[in-house]
Amino acid sequence: MNTQNTTNLHNDTLSDLLCDAIDIRNALRFSKGNVLNKSKDNDDSDTTIGDCLNNIIETLEELYN
């Protein structure tokens, strides 16, 4: 596989992952229970599930662009 094909595969994978993460965030945004604002763990961390998803999305966007 040449470098161009590898780059295209990499970008396609990142694009798919980014779309999936955004879809998950949107689904949780409209779900019952305010899931995005819940602590990410059972230790009552200040970091929320929404914070984690936003971090994942921002990182994927940086890698994709």
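I take contact to mean heavy atoms within 4.5 Å. On that basis I looked up the contacts in the protein between residues at least 6 apart in sequence, and 45% of them join residues at least 24 apart. The model I am reading is a predicted one.

**Entry 1. Overall make-up**

I recorded the secondary structure as 2 helices and 0 strands. I then turned to burial: the protein has 65 residues, of which 15% count as buried. For the surface, I noted that the protein exposes about 5,000 Å². Carbon and sulfur atoms supply 48% of that area.

**Entry 2. Nonpolar core**

I asked which residues form the largest nonpolar core. The core has 5 residues, namely Leu14, Leu18, Ala21, Ile57 and Leu60. Helix 1, residues 3–29, and helix 2 each supply at least two of them. Helix 1 gives the most, with 3 residues.

I followed Ala21 further. Setting aside neighbours within four places in sequence, I found Ala21 in contact with Leu53, Ile56, Ile57 and Leu60. Of these partners, Ile57 and Leu60 are listed with Ala21 in the core.

**Entry 3. Thr48 in the loop**

I located Thr48 in the loop between helix 1 and helix 2. Is Thr48 buried or exposed? Thr48 counts as buried because its relative accessible area is 13%, and the cut-off for buried is under 20%.

I next listed the contacts of Thr48, leaving out neighbours within four places in sequence: Leu36, Asn37, Lys38, Ser39 and Lys40. With Leu36 there is a polar approach, in which a polar side-chain atom of Thr48 lies 3.3 Å from the backbone oxygen of Leu36.

**Entry 4. Asp51 in helix 2**

I placed Asp51 in helix 2, which covers residues 49–64. What does the side chain of Asp51 reach? I found that it reaches the backbone nitrogen of Thr48, at 2.9 Å. Thr48 thus appears in two entries: its backbone nitrogen is paired with Asp51, and its side chain with the backbone oxygen of Leu36.

I also checked Asp51 against Asn37, which is 14 residues away along the chain; their C-alpha atoms are separated by 8.2 Å. Asp51 has a relative accessible area of 39% and is therefore partly exposed.

**Entry 5. Cysteines**

I asked how many disulfides a search of the whole structure finds. The search returned 0. I then looked up the accessibility of Cys19 and Cys52. Cys19 is partly exposed, at 42% relative accessibility. Cys52 is likewise partly exposed, with a relative accessible area of 28%.

Terms used:
Residues numbered from 1 in each chain as written. Predicted model: local features only at pLDDT ≥ 70, side-chain atom pairs only at ≥ 80, totals over all residues. Heavy atoms only, no water. Helix = DSSP H or I, 4+ residues; strand = E, 2+ residues; numbered from the N terminus. Buried < 20%, exposed > 50% of the residue type's maximum accessible area, 1.4 Å probe, protein only. Polar contact = N/O pair within 3.5 Å; in protein donor to acceptor, adjacent residues only side chain to side chain. Core = buried A, V, L, I, M, F, W, Y, C linked by side-chain atoms within 4.5 Å. Disulfide = S-S within 2.5 Å. Areas by Shrake-Rupley, 256 points an atom, 1.4 Å probe, with all protein chains shown as cover.
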